[in-house]
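Please open the model in your viewer and keep the selection panel at hand. The stops below can be taken in order.

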Amino acid sequence: MIEQEAPAASAVPRKRGRAIVVTSGKGGVGKTTTTANLGAALGASGASVVLVDADVGLRNLDIVLGLEARVRHHVLDVLEGSATLDDALVTDKRVPTLRLLAAAQTREKDEVDTAAFRDLIASLRDRFDYVLIDCPAGIEKGFANAIVGADEAIVVCTPEVSAVRDADRVVGLLGDGRSVKLIVNRLRPALVRKGKMLSVDDVNAILRLPLLGVIADAPDVIVSTNKGEPVALDAASPVGEAYRLIAQRVAGTLTGEPEIPRERTFFEKLFGSLR
Amino acid sequence: MSARRIVLTSGKGGVGKTTTTANVGAALAKRGHRVVLVDADIGLRNLDLVLGVEKRIVFDLVEVVEGRCQIRQALIKDKRLDNLAILPAAQTRDKTAVSELQFAQLVEQLGELCDYVLIDCPAGIEHGFRNAIAGANEAIVVTTPEVSAIRDADRVIGKLHERGLPLRLIVNRLRPEMVRSGDMLSVDDVTDILSAELLGIVPDDEEVIDTTNRGEPVVLQPESRLAAIYDKIARRLEGEVVPFTTFGAPGFFARIFGKAS
């Protein structure tokens, strides 16, 4: 048989893609949503992107991208040789340069060999501009696997004491060898003003990381997640715009301090967003 | 009489396990029960923060298991409710520091000291999860009305069934206005998908963010509407039949005309 895995390394010049793990320690702060939206925004700008769901047993990236019905094979199939990488990669419906490599749902994280996972990430870097790895919550084996092949990390943190503490622990575990940057997610400017929520400065006084961006808490993220449509592809959404700016900052095409979401003024509330 | 040993779990992180553990525990303690809360999230502990006892930790769960202190030395009594105590997790160790058997034995010993042991499970279904469920004889599954949380809860419920653990469901952070507009799953949707018995419905309330940051469980705020909701959950745990608050809340016209829908 002729080798099916078409554009193999020999035919196509190898890329030297960036492998970035999206992590947090605490669960539910928005890792998967961030991975999906950052990937969609990078892909929509023309880069080739693969999103890797490292949450074996509790996968969700497929749902957030609306691709759950198209998943045929998963990471463990590839690692165990029962599927090729090309069989397992799912192409996004909306962004043709965006691919998903799903996690296995009915397997355990302990079944993933850390060295094999590192090699898989390395081979993906040969083929894509960006390899974004969606890390599971916690700091167990799944975390160790998710970070092993990444030389950059994005820490997602919400402005809550418990999330900051967990993020701080994760930053320590990521070590000095990686570039680590911060996204503050689900900020509610009105609560910050009332002194009922930590500010971005409060968060970063503890974490002290370069800030990639700040995402405001918005119900349209819940809606887009349930629908499987990343908000970053919605040109009219302010949260989508925030993700697009983060993508530009990751790509290095945008510099300067990220904007911090502010409360809408009375007139903006009355007449709708100015965007 | 042996204590009830209840694990609070979810699969997905950030759905409110720790907040629920603290508030259900405080609600049970307010009702006169002796309650011990166990933080099973070794390495990423947070229950101490939510209860505001983080500065009073001397010993932790791993030190108890390793025999380096007595259980009573590691238990921290709450200053507001004297029949509520917490056993904090270790922060600088990892979850493999304790085996499932050791965890089960620990929970059993704690059960001799109180009426309810509530175990705050870490996110995920790895070693930390297996530890947290090892000593429990019932479970509360906490979920939010989001597709991803429900999928994870479903996976966890499967694992609890394998263990033969009876379970009930708390649907957390419901936003009634989003349910009405069709942008959020309803409680019925959630219980249908998971086919699990309902223990409580907790609406989304920004008060929780503030009280969590300050280390004061919302149950202890007398005028809080959530305090009443957690009290109902505590009463249902005791076996009382308490009707569920319907958050199908009155629409605009009903409110204007004072009709409850």
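The tour goes from cysteines to a cavity.

This is a predicted model, in which local features need pLDDT of at least 70 and side-chain atom pairs count only at pLDDT 80 or more, while totals for chains, interfaces and linings use all residues. Residues are numbered from 1 along each chain as its sequence is written, chains are lettered from A in the order in which they are written, and side-chain values use heavy atoms, with hydrogens and water left out.

Begin by selecting the cysteines: a search of the whole structure for disulfides (a pair of cysteine sulfur atoms within 2.5 Å) finds 0 over all chains. Select A:Cys157 and then A:Cys135, which holds the closest cysteine sulfur, 14 Å away and therefore too far for a bond. A:Cys157 is buried, at 0% relative accessibility, where buried means under 20% relative accessible area with a 1.4 Å probe and protein chains only. Moving to chain B, select B:Cys69, whose sulfur lies 17 Å from the closest cysteine sulfur, that of B:Cys114, again too far for a bond; B:Cys69 is also buried, with a relative accessible area of 8%.

Next, turn to the cavities (on a 1 Å grid over the protein atoms alone, sets of points where a 1.4 Å probe fits but cannot get out), of which the whole structure has 3 of 30 Å³ or more. The second largest cavity has a volume of about 50 Å³, taken as the space filled by probe spheres set on the points. To display its lining (residues with an atom within 4 Å of a point), select B:Ile201, B:Ile229, B:Lys232, B:Ile233, B:Arg236, B:Phe244, B:Thr245 and B:Phe247.

Note on methods. Buried < 20%, exposed > 50% of the residue type's maximum accessible area, 1.4 Å probe, protein only. 1 Å grid on protein atoms, 1.4 Å probe; cavity = no way out; pocket = protein on both sides within 12 Å on 5 of 7 lines; lining within 4 Å.
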